[in-house]
Amino acid sequence: MKATVPALDKHIALVGFMGAGKSTLGREVAERLGRTFLDVDAELEGLTGRSIPQLFGEGEAFFRAKEAKVTVERLHTSPPAVLALGGGALGSAQVRDALRQRAFTVHVEVDPEDAWRRVRDSGRPLAQDELDFRALFTKRAPVYAEAADATATEADEVVLAAAAVHVEAGSLARLGELVPAGEAALVSDARVAGIYGADAQVSLGGRLSSVHELPEREEAKTVDAVTALWHALRLDRTGVLVALGGGCTTDAAGFAAATYLRGIHWVAVPSTLVGQVDAAIGGKTAIDLPEGKNLVGAFHWPVRTVVDPVLLATLPERERREGLAEVVKTGLLSGEPLWELPDAQLVRRAAAYKCAVCLRDPHDRGPRNVLNLGHTFAHALEAAAGYEHVTHGTAVALGLLAALRLSGLDTAAVEDVLRPKPVRVDPDAAWAALQRDKKTEDGRVRLVLLEAPGKPLRGVERPETEVRAALDALISH
Ligand SMILES: NC(=O)c1ccc[n+]([C@@H]2O[C@H](COP(=O)([O-])OP(=O)(O)OC[C@H]3O[C@@H](n4cnc5c(N)ncnc54)[C@H](O)[C@@H]3O)[C@@H](O)[C@H]2O)c1
Ligand SMILES: [Zn+2]
């Protein structure tokens, strides 16, 4: 299997045997990523005005030549789309070449029984006889595996793989395999190093060239901390920085990776719930300035994010609640009660949602703004508290309450799961901060609200008095 790289500016090509469900899956993935879906078989039928069995009737060689031509043509179109390829298309060397250059290729797996059940009555030329069908299955399986960057059976898997996010219980122990080739420098804070540093080092084995420590929490996201890391790094441009820790560690180390030698590869290994569902996904890295949080940074997508939900077992309840606020936010955006799921599934679903939004809008030019649900209010409360006694999670829980109220929706989920209590901050300072928020355009506040759970609305304007009242309701007077 080739090294996995994010499918940011490439097509996502689904390959696999007939009956694997490539078209259904392709449509769903395209919808989530805001991309066009192209079913190459259907394209071929549209172009020639003839059905696949008719074209096949001219002889398999004739059909394969046509199929290869259309597949290669479609792979050379832009913008990046999601494509479902014909089951036999990989027989062509030109198609395989075009896939390597132009696509992130996902093998949609199916077992032969299911595939046969689905296609035996379809009239497809190569699904006439069960024994022939099975023989072909066996022959083609290694061809798909060879061409694929990843394998999947459902949409979350495709999206996670396309974003280079690997979610697996116990994956910390497999870090050595999951970090792409090159010397590795391991970066974490003292607490995380104390709990998981040794496991990470063992797993990286001979690849590990140095170990570094960042200060804990926001102290990591300072010019001084990153400067110290720059000085200590000895990697060359083929090296890879491995950031193991919470959002502060991955933000700061990711920024160091973005800037050191003008950018080296990095792998994020998030160890907090905030990190696993949010901070380590989407390629934003940043440090803070005295003037404000995240003011200096870069978009630098990790070559891989290794999410091991088992690491959450040692996370203090207080930190878990920080992440739960983002999980509830994601659940409201996706329209599913994600917070009810066991950790491993919760992390996987929430991470997949963020991956899809970020793949759709890697540079935060529009659609990604939905992730700010509740955050306009949250940032205002945090700023008014001088980032001292109101944590981000607390502020987000309150912000979600305000967003739901302004959306005219039930607030029960937020109240039951997050139990937000009004905070004591200066209401005028909060209001001033809300109006300064970077999501303000042409002097007016634009909000992310919900038409319904699962249906976010961006850029919503509300009368100032309503917004101010919603903010004031979050503050204890
Ligand atoms: N880049 C992004 O897209 C993005 C998104 C969301 C948040 N963030 C940033 O993330 C930061 C917050 O991250 P955070 O909440 O993960 O905080 P954090 O990184 O400060 O970690 C919180 C605390 O938990 C400890 N810890 C981490 N993993 C642990 C584990 N498994 N067991 C026990 N203790 C553990 C850490 O040592 C630290 O003391 C903020 O600076 C925020 O701006 C970035
Ligand atoms: Zn947040």
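Which residues is Asp 278 in contact with, leaving aside its neighbours within four places in sequence? They are Glu 326, Lys 329 and Lys 354, where contact means heavy atoms within 4.5 Å. Asp 278 is found in helix 13, and at 17% relative accessibility it counts as buried. Buried means under 20% relative accessible area, exposed means over 50%, and partly exposed lies in between, with a 1.4 Å probe and protein chains only. Helices (H or I, at least four residues) and strands (E, at least two) are DSSP runs, numbered from the N terminus.

The model is predicted: local features need pLDDT of at least 70, side-chain atom pairs count only at pLDDT 80 or more, and totals for chains, interfaces and linings use all residues. Residues are numbered from 1 along each chain as its sequence is written, chains are lettered from A and ligands numbered from 1 in the order in which they are written, and side-chain values use heavy atoms, with hydrogens and water left out.

**The zinc site**

Glu 326, one of the contacts of Asp 278, is also a donor to the zinc ion (ligand 2). The zinc ion is coordinated at 2.1 Å by Glu 326 through OE, and by His 375 and His 392 through NE2. Donors are N, O and S atoms within 2.8 Å of the metal (3.2 Å for Na, K and Ca); water is not among the atoms, so sites may look incomplete. Along the chain, the donors follow the spacing E-x48-H-x16-H. The pair Glu 326 and His 392 links distant parts of the chain, 66 residues apart: Glu 326 is in helix 14 (residues 317-334) and His 392 in helix 17 (residues 392-407). Glu 326 is buried, with a relative accessible area of 2%, whereas His 392 is partly exposed, with 26%.

**The surroundings of ligand 1**

Ligand 1 is surrounded by 27 residues, of which the closest are Asp 189, Glu 216, Glu 218, Ser 271 and Thr 272. A residue belongs to these surroundings if one of its heavy atoms lies within 4 Å of the ligand. The shell divides into nine nonpolar, six polar and twelve charged residues. In this division, Ala, Val, Leu, Ile, Met, Phe, Trp, Tyr, Cys and Pro count as nonpolar, Asp, Glu, Lys and Arg as charged, and the others, Gly among them, as polar.

At least two residues of the shell come from each of helix 10 (190-204), helix 12 (247-259), helix 13 (273-279) and strand 12 (292-299). Helix 10 gives the most, with four residues. Three polar contacts of ligand 1 are listed below; a polar contact is a pair of N or O atoms within 3.5 Å, and within protein one must be able to donate a hydrogen and the other to accept it, while residues adjacent in sequence count only if both atoms are side-chain atoms.

| Atom of ligand 1 | Partner in the protein | Distance |
|---|---|---|
| Oxygen | Cys 248, polar backbone atom | 2.9 Å |
| Nitrogen | Asp 251, side-chain N or O atom | 2.8 Å |
| Nitrogen | Lys 284, polar backbone atom | 2.9 Å |

The protein covers 90% of the 870 Å² of accessible area that ligand 1 has on its own. Accessible areas come from the Shrake-Rupley method with a 1.4 Å probe; for residues, only the protein chains shown count as cover.

**Two buried residues**

Ser 188 lies in strand 7 (residues 184-189) and is buried, with a relative accessible area of 3%. Beyond its neighbours within four places in sequence, Ser 188 is in contact with Ala 193, His 212, Glu 213, Leu 214, Leu 244 and Thr 249.

Val 425 lies in the loop between helix 18 (412-418) and helix 19 (427-436), and counts as buried at 10% relative accessibility. Not counting residues up to four places away in sequence, Val 425 touches Leu 381, Ala 384, Ala 385, His 389, Val 390, Ala 430 and Ile 475.

**Backbone features**

Most residues other than glycine have a negative phi, and most peptide bonds are trans. Ala 164 has a positive phi, near 65 degrees; it is placed in the loop between helix 8 (155-162) and strand 6 (165-167) and counts as buried at 3% relative accessibility. Tyr 387 has a positive phi near 55 degrees. Tyr 387 lies in the loop between helix 16 (375-384) and helix 17, and counts as partly exposed at 43% relative accessibility. The peptide bond from Ser 78 to Pro 79 is cis, with omega near 0 degrees, and Pro 79 is found in the loop between helix 4 (60-75) and strand 3 (82-84).
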